[in-house]
Amino acid sequence: MTAPIANRTKAQFNGFQAPRWAEPVVMEMGCPGRRGVVFDDAPAPDLPKGAMRKTAPALPELTEHDALRHYLHLSQMTLGMMGVSLFGTCTMKYNPRIGERAAMEHLADLHPLQHPDTLQGVLELYDNFSDFLCEVSGMDQFVFQAGGGADAAYTHACVTRAYHASRGELEQRDQIITTIQTHPCSPATANTAGFEVITLSLEEGGYPSLEQLKSVIGPRTAALMVNNPDDMGIYNPDIKEWVRLVKEAGGLCFYDHANFNGVMTRLRARELGFDACMYMLHKTFGAPKGGGGPAVGAYGCAEHLVPFLPSPLVVKDGNRYTLDDDRPHSIGRVREFWGNAPQVLKAYAWARAMGAEGLRTAADVSVLANNYMDKRLSEVKGVSRSNPDVTAPRMEMTRHSVEQVTKDTGCTIVDISNRMTDFGIDALWLSHEPWLVAEPFTPEAGELWSREDIDYWIDVMEHVIHEAYETPDVVKTAPHNAPIHQIKGADMADPAQWATTWRAYTRKHAKRLAAE
């Protein structure tokens, strides 16, 4: 048992201090003439006049040592924000080093424009991982071209469009059904693909009723796009009937498996009747997330949708693998080449290392950890959870709220999150929009974080809420121990202030820079 918050000493919480350097941006460093490496004079390149620069590029002039020290300082400050990260709906899993090593050793010297005969190992990897995910989901084919979960949802919206067009029903079937708790990428991509979006509201039990679903199904229904369980940790037990009703009406059914961690090996999308599903390799299968960078949305479907999959498709022909681009019904490319090969390799290595038994254990631990957190958080002053009438255990995450704390103290969930970073806790995940729960936060421990990590995370939250009641200004002005103190949000929303490039910065702030 952990000690009650009242018995904690100040030192137990105030030992954290993130590295902090008064580091300018690299463009503000150096002096004219400084160099890291000096090259011999080279002849002018033979380029057309229009391609030649009229002025030298704006580059910092530094020694190699200056450059290394600068980026070392930045990395130290970044690592200062890598504490306990229970970032719900994103699943901060550990990315094994063996995956990084394998990608560097086996993919670094390859290029996707090589002839397929010279890429047999990579193509075999894609085919094998497709087979693995087909076994997990019950689908018949997976592709890895999509650049993340939203891209995979868009892939399905495009496949839906092509499928109904092939049957002469696209003009009629112009509606896609989602729920208010479906990840926003589903309605957004459905709308982008030209469909009208029908959004169902939550009812008793934490999900829309069958009656509400039946009221919107009809000859205009093109597809159902849902995630289950949702981000509140609630599983819709009527999902099989939902799928049956939509398919009976002629629509397709897409399963957003972003929250797959709690149900791995416990269900298969195809056995529930779904026509297609997607997994985020950077979320479920131990590949790096990259902060919106090297993501992969693995999109899989049943046989009747395979003709519409993005091209090219990896195909096994005897003992050889080819890239099939001769697919007249394909929706074409949704991203360059055939997906992010290093991510696929890392996810495949993780999945093979885990095996079926490991996946099941990970799912069990995820659900157990979440319900342990739920129990402890229910004892923290001012914390409540979504759908309090639902007493059944939640899945791998639960949506909580500090609305009462905000009413009592004026400290918002953002203030609390900022203050928690002062104790080595990464900033919280709040909620997708729209906020169905006031002042929300959605932690997810998954199978990675230990009980000690979880206890520390909750202890810090309890400590910060205690501060909110006793010394609210300390919370409202946080962070205090982070590399960068609180940023003025108003400036971030002002186009006259922010700049994403050095050129834009110098243009917008030329007068002040000249004065300095």
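## Cavities, pockets, strands and ring contacts

Strand 4 (221-227) and helix 8 (239-248) each contribute at least two residues to the lining of the largest cavity. The model is a predicted one, and this cavity makes a convenient starting point for a tour of its interior. The largest cavity holds about 140 Å³ of space. Its lining is made up of 15 residues, and those nearest the centre are Thr179, Tyr207, Asn227, Asn228 and Asn236. By class, the lining of the largest cavity consists of 7 nonpolar, 7 polar and 1 charged residues. In total, 5 cavities of 30 Å³ or more were counted.

The second largest cavity has a volume of about 100 Å³. Helix 4, strand 1 and strand 8 (313-317) are the elements that give two or more residues to the lining of this second largest cavity. Of its 13 lining residues, Tyr126, Val143, Phe144, Pro312 and Val314 lie nearest the centre. The lining of the second largest cavity divides into 9 nonpolar, 3 polar and 1 charged residues.

Tyr126, met above at the second largest cavity, also takes part in the aromatic contacts. The structure contains 16 aromatic pairs. In one of these, Tyr126 and Trp338 meet edge-to-face, with 5.2 Å from centre to centre and 80° between the planes. Tyr126 belongs to helix 4 (residues 120-137), while Trp338 is found in the loop between strand 9 (320-324) and helix 10 (341-377), so the pair ties together parts that lie 212 residues apart in sequence. Both Tyr126 and Trp338 are buried. The two rings belong to a cluster linked by ring pairs, whose members are Tyr126, Phe129, Phe132, Phe142, Phe144, Phe260, Tyr279, Phe285, Trp338, Tyr348 and Trp350. Phe144 thus appears both in this cluster and among the residues nearest the centre of the second largest cavity.

Rings also meet charges in this model. The charged end of Lys381 sits over the ring of Tyr469, at 3.9 Å from the ring's centre. Lys508, in turn, lies over the face of Trp498, and here the distance to the ring centre is 4.7 Å.

Turning to the strands, strand 7 (residues 297-301) has 5 of its 5 residues buried, so it is largely enclosed by the rest of the structure. Gly297, Tyr299 and Cys301 point one way from strand 7, whereas Ala298 and Gly300 point the other way, and all are buried. Strand 7 is paired with strand 1 (residues 141-143), to which it runs antiparallel, through 3 bridges. Within this pairing, Cys301 of strand 7 is the bridge partner of Gln141. Strand 7 also pairs with strand 6 (residues 276-280), again in the antiparallel sense, over 5 bridges. There, Gly300 of strand 7 stands opposite Cys277. Pairing of this kind, parallel or antiparallel, is made through backbone hydrogen bonds between the strands of a sheet.

Elsewhere, an open sheet is formed by 3 strands in the order 10-11-12, with antiparallel pairing. Strand 10 (384-385) and strand 12 (440-441) stand at the edges with a single partner strand each, so one side of each is left without a neighbour in the sheet. Strand 12 pairs in the antiparallel sense with strand 11 (residues 400-401) over 2 bridges. His400 has Phe441 of strand 12 as its bridge partner.

The pockets complete the picture. The largest pocket has a volume of about 440 Å³. Its lining counts 18 residues, with Met82, Met92, Lys93, Asn95 and Asp426 nearest the centre. By class, 8 residues of the lining of the largest pocket are nonpolar, 6 are polar and 4 are charged. The second largest pocket has a volume of about 380 Å³. Its lining is formed by Glu23, Pro24, Val25, Glu28, His70, Leu74, Met77, Ile484, Trp502 and Tyr505. Helix 2 (64-79) and helix 16 (502-508) are the elements that give two or more residues to the lining of the second largest pocket. Helix 2 gives the most to this lining, with 3 residues. The lining of the second largest pocket has 7 nonpolar, 1 polar and 2 charged residues.

Definitions and conventions
Residues are numbered from 1 along each chain as its sequence is written. This is a predicted model: local features need pLDDT of at least 70, side-chain atom pairs count only at pLDDT 80 or more; totals for chains, interfaces and linings use all residues. Side-chain values use heavy atoms; hydrogens and water are left out. Rings of Phe, Tyr and Trp (its six-membered ring) pair if their centres lie within 6.5 Å; planes under 30 degrees apart count as stacked, over 60 as edge-to-face and the rest as tilted. Helices (H or I, at least four residues) and strands (E, at least two) are DSSP runs, numbered from the N terminus. Buried means under 20% relative accessible area, exposed over 50%, partly exposed in between (1.4 Å probe, protein chains only). A charge sits over a ring if NZ of Lys or CZ of Arg is within 6 Å of the ring centre and within 35 degrees of the ring normal. On a 1 Å grid over the protein atoms alone, a cavity is a set of points where a 1.4 Å probe fits but cannot get out, and a pocket is an open set with protein on both sides within 12 Å along at least five of seven lines; lining residues have an atom within 4 Å of a point. Grid points are joined across faces, edges and corners, and a volume is the space filled by probe spheres set on the points. Ala, Val, Leu, Ile, Met, Phe, Trp, Tyr, Cys and Pro count as nonpolar, Asp, Glu, Lys and Arg as charged, and the others, Gly among them, as polar. Two strands pair if DSSP finds at least two bridges between them.
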